[in-house]
Amino acid sequence: MSVQVKPTYEPLNKLTVLDVVKPLAFFDESEHSQLLVKEIGDGNLNLVFHIESALSKKAVIVKQALPYAKVVGESWPLTLDRARIESEALLKEAESVPHLVPKVLYSDSTLAVTVMEDLSDHVILRKGLIEGQIYPQLANDIGTFAAKTAFYSSDFYLHPFEKKEQVKRFSNPELCKITEDLVFTDPFFNIETNDFPAELQSEVDVIWNDTELLKEVAQLRLSFLTKAEVLLHGDLHSGSIFVKSDSTKVIDPEFAFYGPAGFDIAHFIANLALNHLSQNAHAKEPFHRETLQTYLLETIEKTWETYSETFTQLWNEKATDPFAKILGVLENFLEKTFQEAIGFAGCEIIRRTIGLAHVADLDSIPQKEVELFYKKTALELGAKLIKNQRKLTNITELTDWIRGA
Ligand code: SR1
Ligand code: MG
């Protein structure tokens, strides 16, 4: 009798990653000696390998979680369970939006590995936007992604026992703690890991001393900590989305957890708003800049409209909540979600400007003074959104503020 020994965790390299891929029968055996391996991970946390057959040109991606945050190093240990969360979230999302996520081919929680569809014909949205590309389907796809994944995971649809099972399954304390610290805490205090040029110190001091603002951030943070409304992607910025002109794929749901419904859409909107600001510096010609900025604002508006229309349709057709047919219940939920999303977006804008993890949209602005100017503008916009979240009732009021920033 042979004894099966379960492999223990070890970080993969360009050779050992083939031991994961070859048994999957994705590649024909005749291709095994012709597989080309590249390490392509440029994110903050994981190893990512691209494995391609030199013969058939078929390819897969192998993503492996490291037991620490790659961005900082081994001094920042991080749970491997995030790989399980990521593959289970991708599978869960695929139940309602299969066309908007990469296909999972295999996962192994011991090795903290997910093998998935190769998306090399797509580009990361952040990169595409910085280069001035336009993606006509983006708003519809992200609004649909956020609405469907939210509705089908919520108490409006699921039996309460099933919902609570899902909350347990997607309990993700360590990754949530990163967001609690990096998005909702550190940027609002004098913490060593914040990262901003000395020239911004007086604007940062204004934030650190603005009690009205800090009170709102405390409320948003509490909401993030306690409101288990829907299954969220948890990190839906423009680096978590792959695009090409006729396709959108949402990747990297390792931060997935049950949280407040407005959180994902807020992060998407905040990152488009930051790109909108940065186009004042990136876009070379005024006509191109205007076209891009109009596109970005329309995308923000259409994303929210698609979200609320799709959510409404699902509610009308499929809600099991006993109060679903009572006039105003859905409207109340959507209004609260929208207003909280404005506040979350403000926090994301501020943390991407002065916190630990920045965005290339602002950091790659070529001249230092111009970069500083738009970073100051971003801080003002972020604070305005946080302080005025409950005054907004319509998405065009938000895009007016972004346009005017
Ligand atoms: C250490 S992780 C820094 C950031 O990268 C991730 O994508 C999340 O946005 C996190 O806040
Ligand atoms: Mg990520």
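The following exercises, with worked solutions, treat two annotated sites and one ligand in a predicted model.

In this predicted model, local features need pLDDT of at least 70 and side-chain atom pairs count only at pLDDT 80 or more, while totals for chains, interfaces and linings use all residues. Residues are numbered from 1 along each chain as its sequence is written, chains are lettered from A and ligands numbered from 1 in the order in which they are written, and side-chain values use heavy atoms, with hydrogens and water left out.

**Exercise 1.** Determine where Lys 63 lies and which side chain makes a polar contact with the side chain of Lys 63.

*Solution.*
Step 1. The unreviewed UniProt entry lists Lys 63 under "binding site", together with Asn 46, Glu 117, Asp 118, Leu 119, Asp 252, Pro 253 and Glu 254. Such positions are given in the numbering used here, feature names are shortened, and annotations may be inferred rather than shown by experiment.
Step 2. Strand β3, residues 59-65, contains Lys 63; strands (E, at least two residues) and helices (H or I, at least four) are DSSP runs, numbered from the N terminus.
Step 3. Lys 63 is buried because its relative accessibility is 6%; buried means under 20% relative accessible area, exposed over 50%, and partly exposed in between (1.4 Å probe, protein chains only).
Step 4. Beyond its neighbours within four places in sequence, Lys 63 has contacts that include Asn 46, Glu 86, Asp 252 and Glu 254, where contact means heavy atoms within 4.5 Å.
Step 5. The polar partner is the side chain of Glu 86, at 2.9 Å. A polar contact is a pair of N or O atoms within 3.5 Å; within protein, one must be able to donate a hydrogen and the other to accept it, and residues adjacent in sequence count only if both atoms are side-chain atoms.

**Exercise 2.** Establish whether Glu 254 is buried or exposed, and identify its polar side-chain partner.

*Solution.*
Step 1. Glu 254 occupies the loop between β11 (247-250) and β12 (257-259).
Step 2. With 5% relative accessibility, Glu 254 is buried.
Step 3. Residues touched by Glu 254, apart from those up to four places away in sequence, include Asn 46, Lys 63, Arg 82 and Glu 86.
Step 4. Among these, Arg 82 offers the side chain that makes a polar contact with the side chain of Glu 254, at 3.3 Å.

**Exercise 3.** Work out which side chains have a polar atom 2.6 Å or 2.8 Å from an oxygen atom of ligand 1, and why these residues gather at one spot.

*Solution.*
Step 1. An oxygen atom of ligand 1 lies 2.6 Å from a polar side-chain atom of Asp 235, and Arg 351 places a polar side-chain atom 2.8 Å from an oxygen atom of ligand 1.
Step 2. UniProt (unreviewed entry) assigns "binding site" to both Asp 235 and Arg 351. They span 117 residues in sequence, yet no two of their C-alpha atoms are more than 13.2 Å apart, so they gather at one spot.
Step 3. Asp 235 is in the loop between β9 (230-232) and β10 (241-244), whereas Arg 351 belongs to helix α11.
Step 4. Both are buried: Asp 235 has a relative accessible area of 14%, and Arg 351 has 6%.
Step 5. Arg 351 is among the residues that Asp 235 touches, and the side chain of Arg 351 also makes a polar contact with the side chain of Glu 348 (2.9 Å).
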